[in-house]
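Here are my notes on the model you asked me to look over. I've kept them to a handful of points you can check as you scroll through.

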Amino acid sequence: MVELRLLGPVELSLPGRTVEVGPPQRRTVLAALAVDTGRPVPVDALIRRVWGADPPDGARRALHAHVARLRRLCEQTGDPGRPRLRLVRRSGGYLLDAGPDQVDIHRFRRLAGQAREPSLPDGARAALLREALGTWHGEPLAGLAGQWAARVREAWRRQHVDAAVAWAQVESRVSDPGAVIGPLTELLDAYPLVEPLTGALMRALHAAGRSAEALDCYTAVRKRLAEELGTDPGADLRTVHEAILRGSLDGPVERPVSRPPDRAAPRARPPVAPALWPGVRPTEPPMAVPSQLPMGVRGFIGRGKELARLEDILASAADQPSAVVITAVSGTAGVGKTALAVHWARRAQAAFPDGQLYVNLRGFAPGGSAMSPAEAVRGFLDALGVPPARIPAGPQAQVGLYRSLLAGRRVLVVLDNARDAEQVRPLLPGAPGCLALVTSRRSLTGLAAAEGAQLLTVGLLAAGEARELLVRRLGAERVTADPDAVREIVARCAGLPLALAIVAARAAAQPDLPLAALAAELRAADRRLDALDGGETSSEVRAVFSWSYRALDPQAARIFRLLGLHPGPDAGLPAVAALAGVPAARARVLLAELVRGHLLTEQPGGRYAFHDLLRAYAAELVATHDSDDSRYAAAHRLFDHYLHTAHRADALLTPRPSPAPLPPAQPGSAAEELSAHRQAQAWFTAEHPVLLAAVERAAAAGLPGHTWRLASALTTFLDRHGNRRALIAAHRAALDAARRQGDAGGQAEAHRGLGLAEDRLERPDAARAHYLRALELFGEAGDRAGQARIHQHLSRMSEAQGRHGEALDHAHDSLALHRAVADRAGQSAALNHIGWILAQLGDHQQALTYCRQALELARETGDLNGQAHIQDSLGYIRHRLGEHAEAVGHYQQAVGLFRLTGDRHGEAAALVCLGDVHAATGRPGPARTAWTQALTVTTSLGLPDGDPLRAALRERLDPAPAGTGPTAQPRPALG
């Protein structure tokens, strides 16, 4: 087979020989065509890829000369028994016509993509990845210069390392783990600071019985990171190291790998995390490489005019002085706007090596649950790898940070299903090189007028395109057998792709059913879906939905209806099972039937979502066909499932007894099994948009108690992720629901959440008012555990404001109340806080007594983070008593425990204090090491320069001689 190789030197490989392509510039032209094999590349785009943004005057003539020689070269690659490459002129550009497996990068991507199929057995997955890795022959695009080649090379390296890590993980499971050690070692030699490679190698060594070598590997990479980047290994690699030490390593940590560095042309600001790749200054904020595009639509057809227009816009984007905004697909509901946007975006991925962001803005979701710009920006910041501590509180500041992160990058931003221009504007990138692709049911002329957006309207499919869609889904033989029926189906579906897809799914499920019978059903159907949003939906759509719905198994039809009660935007399998009151295995079978019928879409991660029209149809059906009692029971099961799982996840994030026990869950609404902190974190990350929507919808569903209880369970997650606005919105809804119900305990929890949010936003007066009202309400309800937590909050606030006497009173009240309810973890936190405050007042011996009692309780309850805070307090006290060796020991234990629990801020504060003790005892070297490590941690957290820890570190690390300076004082745990 003729093969065009790009994953190494650019060359043509024929059976038995390699054909010389020519000089580097000609090889670049061939590569620039080959990356888009099968689709035309505009001449201007080729020129920019080969010569850059400022090409010489003769670039166009030189390009034509190179193409002529390459065309002659392609003509020599075939014979009657072997397909050849073809280079042809197409619509203002050139197209390389070749089979996808004739170009190694496309074969590599196909194999790696197939290996990601969730249902694939490990043995088959390993074989696919081995074959994919075998397509590499060295440095990709070797010998080619220029920015385009550098960007593409960088992106391909990332994909190579991704595949290598995935192969190592699965190969270790199905074969001898020793088989992966050699290849991983070689790859790690090329990329010595790539932590996922190190982690994979450590796992393989451990599995092969070479644990000592695995630990040596960790030591080596830790030393390299410290020497070259001034940083420590990241959390994932530390977890592998700790698991090997404990003998509890139970499987691979499967994380996406960021891109490797371009050694030929290193970037000044690569968008990667400093813990993964070299070349990043420790003071730079890291940026992940997002890849958020949804899966493309199977059998996408037509839209040639629209795709060509988008290609032209992309080709001209580099010449624009600012980011290009495209309202690419405005048109009626169900016309295929998202399908077109995603299809084109996936084709254009190579042009955006710094990542692709995607968000469904839910602009026309039933019930008015459109996503706010603030929520969307926050999601983008998470996707770009911004630590929660670095995300500012205000929406405008978050938008500014988002745009700053995109400056100098090439990122595609897909804003799907926008309501209006105002929803879109804060999400637009502001820098050249990025491109925003917006879809909406409305033509966003405001963006064209103010931002220069290029508008593109997508209409209904033409009759020929609609027929082709049916051919793709059903086969040409069946479609041509009854042309009259096909014409009627096409006409009655009104060219709406959504309706046609449902018809095709029904026909495919019944291969013996004549198409004429389907046409007759459409003709006879007397139900019509009411027009949404001013009559924009075809009047025949409900007819399509109705008979597709009627063809369902009765249980699948029931699940479809009940999903109209779900708060959205999507649902996981356990939640659907709870909603229907059926086992998860049965729910999976029924959901598969809905997916096959195109009444539901399955998304990555095993989640399910509706098209807006189908959601409206399901809501209409459930209101019509299900009784009030049935709807209430289903909603009760669903909200019980979310509440009890959230309660379980929150308990894993904050190990303490709940001050408000939950009512029993309804039968069939089992909570998900979560047993570790990471599982809880992952569940909240996936579900928190649904949970926030549930907070808003629970009261309307007749479950006001679920409103405030869900908000309470979300508090820790939202607080730790810096999502203060969502925290306030949730607890305002909770307070309204609890007031209407006359529930004093619910009002108290809502005031506590609002107080915490206001406290974090540095509005102490508002926070104190909420805390005091919560304290009063908890007292009325007789909830001493709730009172104890409020006193702890008030104690911390008072101490931070220098009111130590008041703080001590609150801390003692908290201790007494925790003792009254036998909460040993709460007692430990209160004892530590009392000790801390006494230490601030100079009573160090008494402080020592309280902190020792706190440590004993924390060890009994297994509260590792609490132990870390207490060790920190003990270090501070010992330092003030002049017992420096003991202080060093306590701080070292605190640092280790903070690392183990992932509390990076606590780790940084303890390192500052450890350095202070070393400095006080005349050991400047260890002091500077500790302070430097602390600076690295604060950098990884993204703390601003004005943060007290950062300011203390600048003072200590100043090259001018100085004393120890004021000790950075960490706050005790809140309990």
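**Notes on cavities, sheets and helix packing**

1. Let's start inside: the largest cavity holds about 70 Å³ of space. Keep in mind as you read that this is a predicted model. With a cut-off of 30 Å³ or more, the cavity count comes to two.

2. What lines the largest cavity? You'll find Leu-563, His-566, Asp-570, Ala-571, Leu-600, Tyr-608, Ala-609, Phe-610 and Arg-615 around the space. Sorted by class, that lining has six nonpolar residues, one polar residue and two charged ones.

3. Now for the sheet made of strands 12, 14 and 13. These three strands form an open sheet in the order 12-14-13, with antiparallel pairing. Strand 12 (571-572) and strand 13 (601-603) are the edge strands, and each of them pairs on one side only. Ala-571 of the cavity lining falls within strand 12 (571-572), while Tyr-608 and Ala-609 of the lining fall within strand 14 (residues 607-609).

4. How many bridges link strand 12 to strand 14? Two bridges hold this antiparallel pair together. If you want a register check, look at Gly-572, whose bridge partner in strand 14 is Arg-607.

5. On to the helices. Helix 24 (residues 573-580) packs against helix 27 (residues 628-653) at an angle of about 145°, and their axes are 7 Å apart. The crossing of these two helices is right-handed. From helix 24, the contact uses Pro-574, Ala-575, Ala-578, Leu-579 and Ala-580, and from helix 27 it uses Ala-634, Arg-637, Leu-638, His-641 and Tyr-642. By class, this contact has eight nonpolar residues, one polar and one charged.

6. Over at the start of the chain, strand 1 (residues 3-5) and strand 2 (residues 11-14) run antiparallel and are joined by three bridges. Leu-4 has Leu-12 of strand 2 as its bridge partner. The hairpin they make has five residues between the strands, and there Gly-8 takes a positive phi near 150°.

7. Strand 2 also pairs with strand 3 (residues 17-19), again in the antiparallel sense and over three bridges. To find the match-up by eye, go to Ser-13, which stands opposite Thr-18 in strand 3.

8. There is another open sheet to look at, with three strands in the order 4-6-5 and antiparallel pairing. Why is one side of strand 4 (41-42) and of strand 5 (86-90) left without a neighbour in the sheet? Both strands stand at the edges and have a single partner strand each, so one side of each stays unpaired in the sheet.

9. Strand 4 is joined to strand 6 (residues 93-97) by two bridges, and the two run antiparallel. Here the residue to click on is Pro-42, which has Gly-93 as its bridge partner in strand 6.

10. Last one: what lies across strand 4, strand 5 and strand 6? That's helix 1 (residues 24-34), which runs at about 75° to strand 6.

Key:
Residues are numbered from 1 along each chain as its sequence is written. This is a predicted model: local features need pLDDT of at least 70, side-chain atom pairs count only at pLDDT 80 or more; totals for chains, interfaces and linings use all residues. Side-chain values use heavy atoms; hydrogens and water are left out. On a 1 Å grid over the protein atoms alone, a cavity is a set of points where a 1.4 Å probe fits but cannot get out, and a pocket is an open set with protein on both sides within 12 Å along at least five of seven lines; lining residues have an atom within 4 Å of a point. Grid points are joined across faces, edges and corners, and a volume is the space filled by probe spheres set on the points. Ala, Val, Leu, Ile, Met, Phe, Trp, Tyr, Cys and Pro count as nonpolar, Asp, Glu, Lys and Arg as charged, and the others, Gly among them, as polar. Two strands pair if DSSP finds at least two bridges between them. Helices (H or I, at least four residues) and strands (E, at least two) are DSSP runs, numbered from the N terminus. Axes are lines fitted to C-alpha atoms, for helices over the stretch in contact, and angles run from 0 to 180 degrees between N-to-C directions. A crossing is left-handed if the near helix is turned anticlockwise from the far one by less than a right angle, and right-handed if clockwise. Contact means heavy atoms within 4.5 Å.
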